[in-house]
Amino acid sequence: MTENQINQLDPYVKVVNNQYVLQLPENNNVSQSMVTEIEDELSQVNADIKSNGYTIKTNDKTYGASTSAAFGVVLAKSSSNPTIKRFWWGIRVYMRNKTAVNKEIAEFKNGQAIAEFGSLVSPPVGVTLSVYFSNIADHLTNMRDAHPHSKLYMDINRFGVYKIKTY
């Protein structure tokens with residue numbers, strides 16, 4: 001699923017009884033195969049939410065605690081640690097400074113990210129998680145070097161598509 005498809009469908013993913021539900025209007029332009037794909041994905045995410053006792057925040061549709069990418073501890077707004085937020089479509093990692101970016105690069109290079117994110121995303125077909133995460137580390141390094149004074153965020157959707165941008 002692409003970023004555009006996620007953006008197109010996100011307004012129609014609602015939170016009902018602490019579960020994600022797709023509520024499309026009657027006259028929509030979404031293919032049945034896409035609807036099936038989204039509903040399958042929501043079913044898996046909802047199972048994860050239920051089995052782990054997470055609560056979906058209705059204001060931003062995130063679930064689980066915002067955590068530090070390193071060590072998996074709840075953050076107290078520490079700017080030197082990356083912050084992870086989970087959404088129905090995947091995860092967003094906020095990196096507020098160069099230290100946070102460097103920590104994230106190290107996780108992706110040393111394999112710690114495989115344990116952290118490996119169950120949340122599927123890399124492109126034919127690519128191992130280690131190669132996929134190594135490519136992400138290289139891309140993060142390039143973005144850090146190109147934007148040394150910017151904050152970065154990275155989205156990784158459950159289909160393995162990622163983007164890194166400044167904010």
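How many helices and strands does the chain have? It has five helices and eight strands, and the model you are looking at is a predicted one.

**View 1. The whole chain, from one end to the other.** Follow the sequence and you meet the elements in the order α-β-β-α-β-β-β-β-α-α-α-β-β. The chain runs to 167 residues, and 40% of them count as buried. About 8,800 Å² is exposed, with carbon and sulfur atoms supplying 49% of that area. Take the contacts between residues at least 6 apart in sequence: 51% of them link residues at least 24 apart.

**View 2. The hairpin of strand 1 and strand 2.** Here residues 13–16 (strand 1) and residues 19–22 (strand 2) pair up in the antiparallel sense, over four bridges. Look for Val16, whose bridge partner in strand 2 is Gln19. Two residues sit between the strands of this hairpin, and Asn17 takes a positive phi near 50°.

**View 3. The largest nonpolar core.** This core holds 22 residues, and the ones touching the most other members are Phe108, Phe117, Leu140 and Met154. At least two residues apiece come from strand 6 (90–95), helix 3 (98–110), helix 4 (112–117), helix 5 (129–146) and strand 7 (152–157). Which helix gives the most to this core? That's helix 5, with six residues.

**View 4. Met154 and its contacts.** Zoom in on Met154, leaving aside its neighbours within four places in sequence. Its contacts include Ile91, Arg92, Val93 and Met95. Glu104 and Phe108 are in contact with Met154 too, as are Ile136 and Leu140. Lys163 and Ile164 complete the list for Met154.

**View 5. Another core, apart from the largest one.** Separate from the largest nonpolar core lies a core of 18 residues. Among its members are Ile6, Val30, Ile56 and Trp89.

**View 6. Aromatic rings.** Searching the whole structure turns up eight aromatic pairs. For one of them, Tyr132 and Phe133, the ring centres are 5.3 Å apart and the planes meet at 45°, so this pair is tilted. Are Tyr132 and Phe133 buried or exposed? Both Tyr132 and Phe133 are buried. Widen the view a bit and you'll find Tyr132 and Phe133 in one aromatic cluster with Phe108 and Tyr162. You've met Phe108 before: it is among the residues that touch the most other members of the largest nonpolar core.

Key. Residues are numbered from 1 along each chain as its sequence is written. This is a predicted model: local features need pLDDT of at least 70, side-chain atom pairs count only at pLDDT 80 or more; totals for chains, interfaces and linings use all residues. Side-chain values use heavy atoms; hydrogens and water are left out. A nonpolar core is a set of buried Ala, Val, Leu, Ile, Met, Phe, Trp, Tyr and Cys residues joined through side-chain atoms within 4.5 Å. Buried means under 20% relative accessible area, exposed over 50%, partly exposed in between (1.4 Å probe, protein chains only). Contact means heavy atoms within 4.5 Å. Accessible areas come from the Shrake-Rupley method with a 1.4 Å probe; for residues, only the protein chains shown count as cover. Two strands pair if DSSP finds at least two bridges between them. Rings of Phe, Tyr and Trp (its six-membered ring) pair if their centres lie within 6.5 Å; planes under 30 degrees apart count as stacked, over 60 as edge-to-face and the rest as tilted.
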